[in-house]
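Please open the model in your viewer, keep the sequence panel beside it, and follow the stops below in the order in which they are given.

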Amino acid sequence: MYGYSHFNHLYDQHMLEYFTDERVVNLLLDCEKKGINTWQASFNYAMKRQIPKLRDAGGKIQFICLAAFVALR
């Protein structure tokens with residue numbers, strides 16, 4: 001969802017354009033409807049917008065954060 005296709009930079013960009021906040025929220029809500037109750041991913045700053053939107057839409061999926069990389073200046 002966050003442009004990590006492991007294929008090439010062009011496909012990464014396509015993924016970033018496709019997975020808007022609304023599409024990410026809808027995907028996770030659909031996962032819950034299918035019985036998936038946990039989402040495991042590395043932190044991405046877009047999550048700071050998407051997780052509150054997911055909660056507002058009634059999503060209760062659990063989140064396991066693998067890592068958060070912060071660039072130090």
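Begin by selecting I61, which sits in the loop between helix 3 and strand 2 (62-65); keep in mind throughout that this is a predicted model. Although I61 belongs to a loop, colouring by accessibility will show it as buried, because its relative accessibility is 3%, below the 20% under which a residue counts as buried. Which residues does I61 touch, once those up to four places away in sequence are set aside? Display L28, E32, I36, N37, T38, W39, L54 and R55, and you have the set that I61 touches on that count. For a distance across the model, draw a line from the C-alpha atom of I61 to that of N44: the two residues are 17 apart along the chain, and their C-alpha atoms are separated by 17 Å.

Now zoom out to the whole protein chain. The secondary structure comes to 3 helices and 2 strands, and a walk from the N terminus meets these elements in the order α-α-β-α-β. Along the principal axes, the C-alpha atoms fill a box of roughly 35 × 30 × 20 Å. The chain has 73 residues, of which 26% count as buried. If you switch on a surface, about 5,700 Å² is exposed, and carbon and sulfur atoms supply 58% of that area. Of the contacts between residues at least 6 apart in sequence, 58% join residues at least 24 apart. Colouring by charge picks out 9 positive and 7 negative side chains, and the centres of these two sets lie 5 Å apart.

Next, select the two strands. Strand 1 covers residues 38-41 and runs parallel to strand 2, to which 4 bridges join it. Q40 is a convenient marker of the register, since it stands opposite I64 in strand 2. Turn strand 1 so that you can look at either face: W39 and A41 make up the covered face, whereas T38 and Q40 make up the uncovered one. This can be read against a general expectation, namely that side chains in a regular strand alternate between the two faces of the sheet.

Stay in strand 1 and centre the view on A41. Is A41 buried or exposed? A41 is buried, because its relative accessible area is 12%. Leaving aside neighbours within four places in sequence, A41 is in contact with M47, F63, I64, C65 and L66. One member of that set, L66, is worth a distance label: A41 and L66 are 25 residues apart in sequence, yet their C-alpha atoms lie 5.7 Å apart in space.

From here, move to helix 3, which spans residues 47-56, and select Q50 within it. Q50 is a buried residue, because its relative accessible area is 3%. Show side chains as sticks, and a polar contact of 2.5 Å will be seen to join those of Q50 and Y2. Beyond the residues up to four places away in sequence, Q50 touches Y2, T20, D21, V24 and V25.

Follow Y2 to another of its partners by selecting L16 in helix 1. With neighbours within four places in sequence left aside, L16 is in contact with Y2 and G3. How accessible is L16? L16 counts as partly exposed, because its relative accessibility is 43%. The C-alpha atoms of L16 and S5, two residues that are 11 apart in sequence, lie 9.9 Å apart in space.

The last stop is H6, in the segment before helix 1 (9-18). Check its backbone torsions: H6 has a positive phi of about 60°, although it is not a glycine. Most residues other than glycine have a negative phi. H6 is also exposed, because its relative accessibility is 80%. To finish, draw a line from the C-alpha atom of H6 to that of T20, which is 14 residues away in sequence and 20 Å away in space.

Technical notes
Residues are numbered from 1 along each chain as its sequence is written. This is a predicted model: local features need pLDDT of at least 70, side-chain atom pairs count only at pLDDT 80 or more; totals for chains, interfaces and linings use all residues. Side-chain values use heavy atoms; hydrogens and water are left out. Buried means under 20% relative accessible area, exposed over 50%, partly exposed in between (1.4 Å probe, protein chains only). Contact means heavy atoms within 4.5 Å. Accessible areas come from the Shrake-Rupley method with a 1.4 Å probe; for residues, only the protein chains shown count as cover. Lys and Arg count as positive and Asp and Glu as negative; His and the chain ends are not counted. The place of a charge is taken as NZ of Lys, CZ of Arg, CG of Asp or CD of Glu. A polar contact is a pair of N or O atoms within 3.5 Å; within protein, one must be able to donate a hydrogen and the other to accept it, and residues adjacent in sequence count only if both atoms are side-chain atoms. Two strands pair if DSSP finds at least two bridges between them.
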